[in-house]
Amino acid sequence: MQLNDEEQAMLAGELGSARQWAIKHQLAVGRFFDAPDLVRVGQAHIMADTESLGWAGIAWLEALAALPKAERRVSIPTITDPRGLDFASYRRLKQTEAMADLEARTIRAFEALGVLMTNTCINYQTVLPPVRGEHMAYGDTGVVIYCNSVLGARSNFEGGPSALAAGLTARTPRYGYHVDVNRVGSKHFELRCRPRDLSEWGALGGIVGRASNSYWEVPVLTGLTTPPSSDELKHFGAALASFGSVALYHIPGVTPEAATLTAAFAGRRPPPAIALEAGDLAGFCAEYAATGDKVDVVVFAAPQLSLLEMEKVASLIAGRRLNADTTLIVATSPEIKFAADRMGLTHAIEEAGGIVAAGVCFYQSYAREMAEANGWQRLLTNSAKLVNIIAGYGYRPALASMERCIDSAVAGRIV
Amino acid sequence: MVVVLKCHRGIGPTVEGAALVAADNFSTRYDLDRSKGIFCRPGHSLYGQSYHDKILVLVTAKGGVASAWMLNEMKASGLVPKAIVFDRSNPILAQGAAFADLALVDRFEAGCPTTLIATGDRLRIEPDRGLVTILNRSA
């Protein structure tokens, strides 16, 4: 890979051992993907919950944090994905003091590195969205797919070590979705119905994800007559990335790199369209239906809720009382939690018996241990992403609209 | 003459070990019980089998970004595959292998490695040279 003088100096250790580790890591990954050089990035975003870090990861971060200040500080704005635990609500969720200790150690290490603890997977709605063409090192699949597709930014999925490396060097290897040729549509889906709510937008993402099933596929979606909302595309993209490992899609006339169908395929003839009907959405939702079952926990998360979603949950639940045997968890970012507190939304949800957790996203929060400690099995959510991933942690997940989720939390069974 | 398979230049050290092969995918977070060193997701082709010290030969990586940290944690815990061989890796597993210094190769000239290699084959993985040698088979 071609390196300039500054990059050569980093590699030689002249800017300290942290930046030397970082650029060596980037060269190993870059060579694997035939990157010609490194590209400068505007922000880095680190996924590093304590469950995935493990003891080894936390000790490694602490060793970095012990380096001299000039060597250890990140050199571009570097923010964080949801954490494993919210200090204000962890006891109510029966997370342990040991988990809280690991969380505190990790936060101290990140703060010593100059990382901003935003603790969010909706930074594009709440922190600072990228602009079209801006190269980024984002560490959450839902963030990457939204920013690549809806905003025209350029990022690969950057795991925690790679995102931190990008924070330290202000660069990332130029491969994958940093490169024009990889951003061209490769599959064509024609929508013949419109999803009716966020859970169905997620279901649509799940269907397109299963049919795409590769990081290197770029689905193109046609058939929409009016643009979806930010929250609808948030759920669509999060599920598409979760079910299919997809990092970029185009919607001609809506997303910025695809003014037309022809543009989505870079002037080439589009492949035959795969039609998606209302029956496909219903079929997907039927896989995750469990009407009549007792529900242990209702979760709104994955991705964290926007202010508008928080308002909707609050207005649907205000004045009602949750079933005594059902837990309701609403996960949002710290910034939205402050707003929700100020606007009375948190109060409405918690007065009904719900828990508003800030800076976490449920599945990264020791989900298996929470299930065991609380006796949870049946989980209901309006997030298609969450039903895809949570079964691996011993839950029996079900999918329904936000309205049905709340009615079920009140009834104690899935209605 | 042993069988030599050419692949793309990979990541990590040269290693030798026994292959564990499946035409299935791989996620450290959702497929593995990392405390026991086994595949634990019902429905995975290798359900119930130990991955410790094996050279895993699978189609591709799935799941979220957590694998980038988890391979390192698995190595520190002592229950870890010796190497991973994919038809095509995604960025997260490549980043995770680089962080953990675990051998990873993909993109074979002769096609998908799950059809070229059988469970129990004795393999030498040379990531720097882009070579996988099946030591127990003759060409």
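Here is a quick tour of a predicted model with chains A and B, going from their contact to the core and then to a few unusual backbone spots.

**Where the chains meet**

Let's start with the contact between the two chains. Chain A puts 27 residues into it, and chain B puts in 25. On the chain B side, the elements that supply two or more residues each are α1 (28-31), α2 and α3 (91-100). Sorted by character, that side of chain B has 13 nonpolar, 7 polar and 5 charged residues.

**One helix pair up close**

Two packed helices are described by the angle between their axes and by the distance between those axes. Here, helix α3 of chain A (residues 50-65) packs with helix α2 of chain B (residues 67-77) at about 50 degrees, and the axes are 8 Å apart. Because of that angle, α3(A) counts as oblique to α2(B). The crossing of α3(A) and α2(B) is left-handed.

Which residues of α3(A) and α2(B) meet? From α3(A) come S52(A), L53(A), G54(A), A56(A) and G57(A), while α2(B) brings W69(B), M70(B), N72(B), E73(B) and A76(B). In this contact of α3(A) with α2(B), 5 residues are nonpolar, 4 are polar and 1 is charged.

**Into the core**

The largest nonpolar core holds 175 residues, and the ones touching the most other members are A331(A), F362(A), A97(B) and L104(B). Take F362(A): leaving aside residues up to four places away in sequence, F362(A) touches V299(A), A301(A), A302(A), I329(A), A331(A), A367(A) and L386(A).

One of those partners, A302(A), leads to a backbone oddity: the peptide bond from A302(A) to P303(A) is cis, with omega near 0 degrees. P303(A) sits in strand β8 of chain A (residues 297-305).

**Two positive phi values**

Most residues other than glycine have a negative phi, and most peptide bonds are trans. Two residues with a positive phi are set out here.

| Residue | Phi | Loop |
|---|---|---|
| S245(A) | about 60 degrees | between α10 (230-244) and α11 (261-264) of chain A |
| D101(B) | near 55 degrees | between α3 and β7 (103-105) of chain B |

Is S245(A) buried or exposed? S245(A) counts as buried, because 27 C-beta neighbours lie inside 10 Å. D101(B) has 13 other C-beta atoms within 10 Å, so D101(B) is partly exposed.

Methods
Residues are numbered from 1 along each chain as its sequence is written. Chains are lettered from A and ligands numbered from 1 in the order in which they are written. This is a predicted model: local features need pLDDT of at least 70, side-chain atom pairs count only at pLDDT 80 or more; totals for chains, interfaces and linings use all residues. Axes are lines fitted to C-alpha atoms, for helices over the stretch in contact, and angles run from 0 to 180 degrees between N-to-C directions. Helices (H or I, at least four residues) and strands (E, at least two) are DSSP runs, numbered from the N terminus. Angles under 35 degrees count as roughly parallel, over 145 as roughly antiparallel, 65 to 115 as roughly perpendicular and the rest as oblique. A crossing is left-handed if the near helix is turned anticlockwise from the far one by less than a right angle, and right-handed if clockwise. Two residues are in contact if their C-beta atoms, placed from the backbone, lie within 7 Å. Ala, Val, Leu, Ile, Met, Phe, Trp, Tyr, Cys and Pro count as nonpolar, Asp, Glu, Lys and Arg as charged, and the others, Gly among them, as polar. A nonpolar core is a set of buried Ala, Val, Leu, Ile, Met, Phe, Trp, Tyr and Cys residues joined through C-beta atoms within 7 Å. A residue is buried if 20 or more other C-beta atoms lie within 10 Å of its own, exposed if 12 or fewer, and partly exposed in between; C-beta atoms are placed from the backbone.
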